[in-house]
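Here are some exercises to work through with the model open beside you. Try each task before reading its solution.

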2 protein chains.
Amino acid sequence: MALNKQPYRGTRDFFPKEKRVRDYLFAIMTKTAESFGYESYDGPLLEEVELYKAKSGEELINEQIYSFTDRGERFVAIRPEMTPTLARMVAQVHRESSKPLRWFSIPNLMRYEKPQRGRVREHWQFNCDIFGSPGRIGEVEILQVAVELFQAYGANHTHFEILLNDRAIVDAVFKIMMKASDEQTHRLYKIVDKAKKITNEALQKMVKEIGLNTDSENIFYSYLHLSTFVDAIAFLEKNNQIDIANQFNAFIELTSKANLTDYLKYDPTIVRGLDYYTGIVFEIFDKHPDNRRALCGGGAYANLLQIFNEDPLPGVGLGLGDVTLKDFLEVHNLLPNLENPSNDILLTFQEDAGLDATLKLAQVLRKNDLKVIVGLEVLKFKKVFPIAEKKGVKFITLMGNEEISSNKIQLKNLLTKEQHEVSLDDLETFIKFIKA
Amino acid sequence: MALNKQPYRGTRDFFPKEKRVRDYLFAIMTKTAESFGYESYDGPLLEEVELYKAKSGEELINEQIYSFTDRGERFVAIRPEMTPTLARMVAQVHRESSKPLRWFSIPNLMRYEKPQRGRVREHWQFNCDIFGSPGRIGEVEILQVAVELFQAYGANHTHFEILLNDRAIVDAVFKIMMKASDEQTHRLYKIVDKAKKITNEALQKMVKEIGLNTDSENIFYSYLHLSTFVDAIAFLEKNNQIDIANQFNAFIELTSKANLTDYLKYDPTIVRGLDYYTGIVFEIFDKHPDNRRALCGGGAYANLLQIFNEDPLPGVGLGLGDVTLKDFLEVHNLLPNLENPSNDILLTFQEDAGLDATLKLAQVLRKNDLKVIVGLEVLKFKKVFPIAEKKGVKFITLMGNEEISSNKIQLKNLLTKEQHEVSLDDLETFIKFIKA
């Protein structure tokens, strides 16, 4: 029986065309992160499951993780996310590192998911984190990274928006203004997390079940109706949360200085899970009606190193998956045409005797940083052009009997249709024409 | 109990410094492969174990592979090598692709090994393959890729050599000249594969056990003593293997035209396992006495697609691991200094009021493709220079009260110690100084 040629369920084969798209996505991520001075890191594919248990919720550990016992009886998992690895690595070096630490990575991650649009089992995720930044400026910088990343893909505020909240506000509303207990706060977080996906009736039923008094319930519904930064700040002030209001106001002013205003929108339902985040939290949403999905999420956290018994180190980070990003760029027609590769020159010979000179020429051109494809057998004139097109070649040469005996060759520019006769003894001129 | 901060056994954490080295290795691989027109591809991290069983030996499947059953009862493995994935992908597209197909990849692979020098559980491997090349020129091109790759790292024939053989020769010697049966041939391959690692006595004992006649044994020992291409060709001619001799001679002449002569050495013990390869086989060895190890191996194969019931498609490929490559470059002192990152400019402010102008300036500089680090808090003059050094920055600015009120700033070149006063209204000049 012949073997199956398809990739394992939920994973992708990246043929050269698909790989070029991935390389393009990653190149912009790398360039943007490095333009802010972030440094690239990576960790192992496998981690001990203990690490994920310490950091993540039970659902992920129990159902979504690729875990197994290795031949040495270690219980390990293929990384489903990068943050635990990042925490482990930062815990090793943070004490002797000068702050802030700015790190980024683009790891492949695996989760056992039911494959569907935007969800696969193996995906790549851009992770960008800053540790030990003073005050709230690190939060602003991570938002800047996100915005400048999308701008580098050609997107602007007509294509996406950043829905933002502050966990300090949520905590103040629930714990101080509504006087909710820890257990009630926990349930409120869960409700808020789901608020956009359920009906008003379902929401009210869930709130009722918590057993808050009417005043607190009213505060909760008022909170859920906030939709601008001005409203949110006024709401906090009205409810005597002056410190929180001032801090948030100062943060919003900072984002304005960083030219982020057009991209930011207050959203009380953004909390990003129950644990982990302690400061701002945000999600980037596609504005296209056919693709209303979160593309990127992140926020500020204080206790990442706690599981290693290390002192708190404030961090801010974001994560952005390759699948949703590609869908976003496609739906807005922002992906460049990467159908064909891009090469400098195709060298062909029309007589066997041309092979020698062709091999020599190719070697010199490669040493001069050119991308050179050698036609490895005698090619008829007619066959050269379709190959040149498919390989995205800018120049071609043909080496027939005449060229071999005269030692001169025609260099054809396929775009301008110009043709130069160049001596094979004068490769400097040859290279100059190609690089011009 | 605090969690373990160390990576899983046999894997590596790539902190920014180590990641820069890895990025450097990969950048040269990518650049070299692309200079020959090879196109990048990638496949999934997991494949069904069936695929590896069909291609590989039992040792790999049974003891070295990271395999497990997924939640959907599929028996899968983390890829231990790339070739089976490559075969699966090529089998999908080879019929409608114009030949030759030139593909490369740098996947991470996992094998359950006992960690030791040069051997880890997770490593990366540069894979470069050409399919459907005419005659023997594809074999020459893959050797050229290998040599130009090492040259791009700064190495030459004083640092490494390519030990080369041809499976057509080995088959002719064993099957025709020695008249060995299939089973005897199989055992001879195993002996040759081990020849360099065992004593002469052990070798002779193993040969004796095969039960060949004395003439055949003598041919075998003569074969094992061949050490130059000239000798090998003469040996074949003397034993009436004229066709094989002529074909090998033509191949060696081709390698000479491709400037490979200084790097190649005939080695009768290179066979690279029992199955798979059908044409040339080679291993690249470090010449350094402290590091006599194979760095890279490859060869020509004809039947890669057989497991998919596809027609034969001749291929030639090579594989090169990141760990042995790094050891090689280190032992020869060929690694560049990547201790610190490389950034263009560090923008600092000495008064809180400088933040606004700094954020604005940073944004413009980043849009102009510069790598910009912003000091996120008031930095004393003395603190600026150590940070600049650690971050590999070429220029710095200081923004104090005077600069803020005059709107003029000092741009310091840390290398030349030159200093330019530039107006913040004339960023073109500012950028010109940095890019000069």
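The exercises below go from the pair of chains to a helix pair and then to a sheet.

Ground rules: this is a predicted model, where local features need pLDDT of at least 70, side-chain atom pairs count only at pLDDT 80 or more, and totals for chains, interfaces and linings use all residues. Residues are numbered from 1 along each chain as its sequence is written, while chains are lettered from A and ligands numbered from 1 in the order in which they are written.

**Exercise 1. Work out which rotation superposes chain A on chain B.**

Step 1. Fit the copies by least squares on the C-alpha atoms of residues with pLDDT of at least 70 in both. You get a rotation of 180° with 0.0 Å of shift along its axis, at an RMSD of 0.0 Å.

Step 2. Name the relation: that is what a two-fold axis does.

Step 3. Look along the axis. In chain A, F68(A) comes closest, with its C-alpha at 3.3 Å.

**Exercise 2. Describe the contact between chains A and B.**

Step 1. Count residues in contact (C-beta atoms, placed from the backbone, within 7 Å). Chain A gives 71 residues and chain B gives 71.

Step 2. Sort chain A's side by class: 34 nonpolar, 14 polar and 23 charged residues. Here Ala, Val, Leu, Ile, Met, Phe, Trp, Tyr, Cys and Pro are nonpolar, Asp, Glu, Lys and Arg are charged, and the others, Gly among them, are polar.

**Exercise 3. Classify the packing of α1(B) and α5(B).**

Step 1. Find the helices, which are DSSP runs (H or I, at least four residues; strands are E, at least two) numbered from the N terminus. They are α1 (residues 16-35) and α5 (residues 137-152) of chain B.

Step 2. Fit lines to C-alpha atoms over the stretch in contact, and take the angle between N-to-C directions, from 0 to 180 degrees. The result is about 135°, with the axes 9 Å apart.

Step 3. Apply the classes: under 35 degrees is roughly parallel, over 145 roughly antiparallel, 65 to 115 roughly perpendicular, and the rest oblique. So α1(B) is oblique to α5(B).

Step 4. List who touches: α1(B) brings I28(B), M29(B), K31(B), T32(B) and A33(B), and α5(B) brings V145(B), E148(B), L149(B) and A152(B).

**Exercise 4. Lay out the 5-stranded open sheet of chain A.**

Step 1. Pair the strands (at least two DSSP bridges between them). The order is β14-β13-β15-β16-β17, with mixed pairing.

Step 2. Pick the edges: β14 (372-374) and β17 (419-423) each pair on one side only.

Step 3. Zoom in on β16(A) (residues 408-413), which runs antiparallel to β17(A) and is joined to it by 5 bridges. L411(A) sits opposite H420(A).

Notes:
Two residues are in contact if their C-beta atoms, placed from the backbone, lie within 7 Å.
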